[in-house]
Amino acid sequence: MFREMLRKKQALSETECIDILKSEPRGVLCVSGDGGYPYGMPMNHYYCEADGKIWFHGGKQGHKIDALKQNAKASFCVYDRGTREDGGWALRFRSVIVFGTVDLIDDPKTVRRISDALSRKFTDDESYIAQEIERFGSGTLLLCLTPEHITGKRVREA
């Protein structure tokens with residue numbers, strides 16, 4: 001069902017793909033939006049090693065929620081910061097694309113657990129994390145992307 005990568009020499013291993021998903025703070029989640037148009041939005045994410053799923057958080061209503069209720073299939077793209085060779089302009093970076101389905105989760109215990117884990121990608125300030133979860137937890141909806149296919153590659157701009 002999923003296409004084979006054309007430039008196989010540039011392919012990343014599964015371990016490299018997971019490392020990027022764990023370390024990079026954000027990517028672009030794409031869903032099937034209004035009128036069949038793709039709808040992509042930048043999203044912070046948390047890759048959970050325990051379940052192999054990618055978690056997002058947001059409000060309980062809006063365009064992405066409406067789109068996912070109509071069609072749970074999504075793709076998520078993440079790329080690292082990349083590097084440049086001395087004196088060069090071309091950027092070398094690694095990218096990962098995940099295809100899968102998204103479940104909407106509003107269970108309060110899960111919201112707390114995942115919101116805590118996601119927050120730790122950005123800060124280790126315990127009181128700040130606790131205050132934010134207390135303030136916004138009841139209005140938070142989690143999006144849980146279950147990967148069906150993960151692919152990654154090395155890119156050198158030219």
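This section describes the overall fold, the nonpolar cores, a surface patch and the salt bridges of a predicted model.

The protein chain contains four helices and eight strands. Read from the N terminus, these elements follow the order α-β-β-β-β-α-β-β-β-α-α-β. The C-alpha trace extends over about 50 × 40 × 30 Å along its principal axes. For 158 residues, a compact globule would be expected to have a radius of gyration near 15 Å, and the value of 17 Å computed for the protein chain agrees with this. Of the contacts between residues at least 6 apart in sequence, 72% link residues at least 24 apart. Buried residues account for 35% of the 158 residues. The accessible surface of the protein chain amounts to about 10,000 Å², and carbon and sulfur atoms contribute 49% of that area.

In soluble globular proteins, nonpolar side chains tend to be buried together. In the present model, the largest nonpolar core comprises 24 residues, and L21, L29, I54, F56 and F76 have the most contacts inside it. Two or more residues of this core are supplied by each of α1 (14–23), β1 (26–32), β2 (38–44), β4 (53–58), α2 (63–70), β5 (73–79), β7 (91–105) and β8 (141–156). The largest share, four residues, is provided by α1. The surroundings of I54 illustrate how distant parts of the sequence are brought into contact: leaving aside residues up to four places away in sequence, I54 touches L21, H45, Y46, Y47, F76, V98, L143, C144 and L145. A second core, separate from the largest one, consists of nine residues, among them Y46, W55, A117 and L142.

Nonpolar side chains also occur at the surface, where M1, F2, I97 and F99 form a patch with about 390 Å² of accessible area together. Within this patch, F99 is located in strand β7. The relative accessible area of F99 is 30%, and this residue is therefore classed as partly exposed rather than buried, the latter term being reserved for values under 20%.

Eight salt bridges were counted in the model. R120 takes part in a salt bridge with D116, with an N to O distance of 2.8 Å. R120 is also paired with E126, and here the closest N and O atoms lie 2.9 Å apart. Each participant is partly exposed: the relative accessibility is 36% for R120, 24% for D116 and 48% for E126.

A further salt bridge joins R135 to E132, with 3.6 Å between the closest N and O atoms. Both residues belong to helix α4 (residues 126–136), where a spacing of three residues places them about one turn of the helix apart. Their accessibilities fall into separate classes. R135, at 59% relative accessibility, counts as exposed because the cut-off for that class is over 50%, whereas E132, with a relative accessible area of 24%, is partly exposed. Through salt bridges that share partners, D116, R120 and E126 are joined into one network.

Notes. Residues are numbered from 1 along each chain as its sequence is written. This is a predicted model: local features need pLDDT of at least 70, side-chain atom pairs count only at pLDDT 80 or more; totals for chains, interfaces and linings use all residues. Side-chain values use heavy atoms; hydrogens and water are left out. A nonpolar core is a set of buried Ala, Val, Leu, Ile, Met, Phe, Trp, Tyr and Cys residues joined through side-chain atoms within 4.5 Å. Buried means under 20% relative accessible area, exposed over 50%, partly exposed in between (1.4 Å probe, protein chains only). Contact means heavy atoms within 4.5 Å. Patches are made of residues with over 30% relative accessible area and no salt bridge: like charges are joined within 9 Å, nonpolar side chains (Val, Leu, Ile, Met, Phe, Trp, Tyr) within 5 Å. Accessible areas come from the Shrake-Rupley method with a 1.4 Å probe; for residues, only the protein chains shown count as cover. A salt bridge is a side-chain nitrogen of Lys or Arg within 4 Å of a carboxyl oxygen of Asp or Glu. The radius of gyration is taken over C-alpha atoms; the globule rule is 2.2 Å times the number of residues to the power 0.38.
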